[in-house]
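Welcome! Here is a short briefing to help you find your way around this protein. Take a look at the sequence and the model, then read on.

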Amino acid sequence: MSLMQRILITGGAGFIGSHLGEKLLNEGNEVVCLDNFNDYYDSRIKRQNISSLLEQRNFTLSEGDILNFNLLRQVFQKAKLDIVINTYKVRDLVLDTIKSVYKNQTKDDSWNVIVVDNASEDGTVDFVKENYP
């Protein structure tokens with residue numbers, strides 16, 4: 001039997017994030033979903049993705065942008081997280097990738113540093129980031 005972990009999933013209402021959240025909840029974990037429901041991905045679909053998760057007591061939805069440092073700090077302080085899993089992808093990064101791989105990497109690093117800094121300040125154990133080509 002494993003111990004319950006408190007896990008933040010950024011972009012948690014998207015396809016990957018919501019399915020991951022469901023799996024983690026089914027394994028007995030507590031999941032915090034951070035999503036900004038922007039217009040890049042139809043917010044109605046995202047809300048449908050997490051509709052069944054909202055009914056579970058170990059699921060918390062925090063609506064907002066990962067780039068909002070104050071919101072991110074509040075999420076970390078309130079949730080006392082063990083693990084952060086990033087499935088969020090900033091819309092501009094997709095567009096910048098077409099223009100320049102370097103710009104993509106620079107922006108990608110900057111928002112992940114915010115999460116890592118917040119995580120270490122609050123004692124978070126692990127940080128997991130998807131690898132995008």
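pLDDT is the predictor's confidence in each residue, on a scale from 0 to 100. This is a predicted model, and its pLDDT averages 76, with 65% of the residues scoring at least 70. The protein has five helices and five strands, and the notes below go from the whole chain to single residues.

**How confident the model is**

- Confidence is highest in strand β3, with a mean of 97, and lowest in helix α4 (residues 91-99), with a mean of 43.
- Over residues 91-114 the pLDDT is below 50, and this stretch has 26 contacts in the model beyond near neighbours in sequence.

**The overall layout**

- Starting at the N terminus, the order of elements is β-α-β-α-β-α-β-α-α-β.
- The protein has 133 residues, and 39% of them count as buried.
- Among contacts with a separation of 6 or more, 68% are made by residues 24 or more positions apart.
- The accessible surface of the protein is about 7,800 Å², and carbon and sulfur atoms make up 53% of that.

**The nonpolar cores**

- The largest nonpolar core has 13 residues, and those touching the most other members are Ile7, Leu24, Val31, Ile50 and Phe59.
- At least two residues of this core come from each of β1 (6-10), α1 (15-26), β2 (30-35) and β4 (83-86).
- Leaving out residues up to four places away in sequence, leucine 24 touches Ile7, Ile9, Asn29, Val31 and Ile85.
- There is also a second, separate core of twelve residues, and Leu8, Leu71, Leu72 and Tyr88 are among them.

**Helix α3, with two faces**

- Helix α3 covers residues 69-79, and its buried residues include Leu71, Leu72, Val75, Phe76 and Ala79.
- Viewed down the axis of α3, the buried residues fall within an arc of 135°, so they line one face of the helix.
- On the face turned away from that buried side you will find the exposed residues Asn70, Gln74 and Lys78.
- The N-terminal end of α3 is capped by asparagine 68, which has a side-chain oxygen 3.2 Å from the backbone nitrogen of asparagine 70.
- After α3 comes lysine 80, with a positive phi near 50°.

**Strand β3: leucine 61 and glutamate 63**

- Leucine 61 sits in strand β3, which spans residues 59-63.
- Is leucine 61 buried or partly exposed? Its relative accessible area is 25%, and buried means under 20%, so leucine 61 counts as partly exposed.
- Apart from neighbours within four places in sequence, leucine 61 is in contact with Cys33, Phe37, Ile50 and Leu54.
- From leucine 61 to isoleucine 9 the C-alpha distance is 9.9 Å, with their positions 52 residues apart in sequence.
- Glutamate 63 belongs to strand β3 too, and with a relative accessibility of 46% glutamate 63 is partly exposed.
- Not counting neighbours within four places in sequence, the contacts of glutamate 63 are Asp35, Phe37, Arg47 and Leu71.
- One of these partners, arginine 47, makes a side-chain to side-chain polar contact with glutamate 63 at 3.0 Å.
- Glutamate 63 and glycine 11 are 52 residues apart along the chain, and their C-alpha atoms are separated by 9.9 Å.

**Asparagine 86 and threonine 87**

- Asparagine 86 is part of strand β4, and because its relative accessibility is 1%, asparagine 86 counts as buried.
- Which side chain does the side chain of asparagine 86 meet in a polar contact? The partner is threonine 10, at 2.5 Å.
- Asparagine 86 and isoleucine 9 are 77 residues apart in sequence, while their C-alpha atoms are 5.8 Å apart in space.
- Threonine 87 lies in the loop between β4 and α4, and threonine 87 is buried at a relative accessible area of 13%.
- A polar atom of the threonine 87 side chain lies 2.6 Å from the backbone oxygen of threonine 10.
- The threonine 87 side chain also reaches the backbone oxygen of glycine 11, at 3.2 Å.

Definitions and conventions: Residues are numbered from 1 along each chain as its sequence is written. This is a predicted model: local features need pLDDT of at least 70, side-chain atom pairs count only at pLDDT 80 or more; totals for chains, interfaces and linings use all residues. Side-chain values use heavy atoms; hydrogens and water are left out. Helices (H or I, at least four residues) and strands (E, at least two) are DSSP runs, numbered from the N terminus. Buried means under 20% relative accessible area, exposed over 50%, partly exposed in between (1.4 Å probe, protein chains only). Contact means heavy atoms within 4.5 Å. Accessible areas come from the Shrake-Rupley method with a 1.4 Å probe; for residues, only the protein chains shown count as cover. A polar contact is a pair of N or O atoms within 3.5 Å; within protein, one must be able to donate a hydrogen and the other to accept it, and residues adjacent in sequence count only if both atoms are side-chain atoms. The arc is that of the directions from the helix axis to the C-beta atoms. A nonpolar core is a set of buried Ala, Val, Leu, Ile, Met, Phe, Trp, Tyr and Cys residues joined through side-chain atoms within 4.5 Å.
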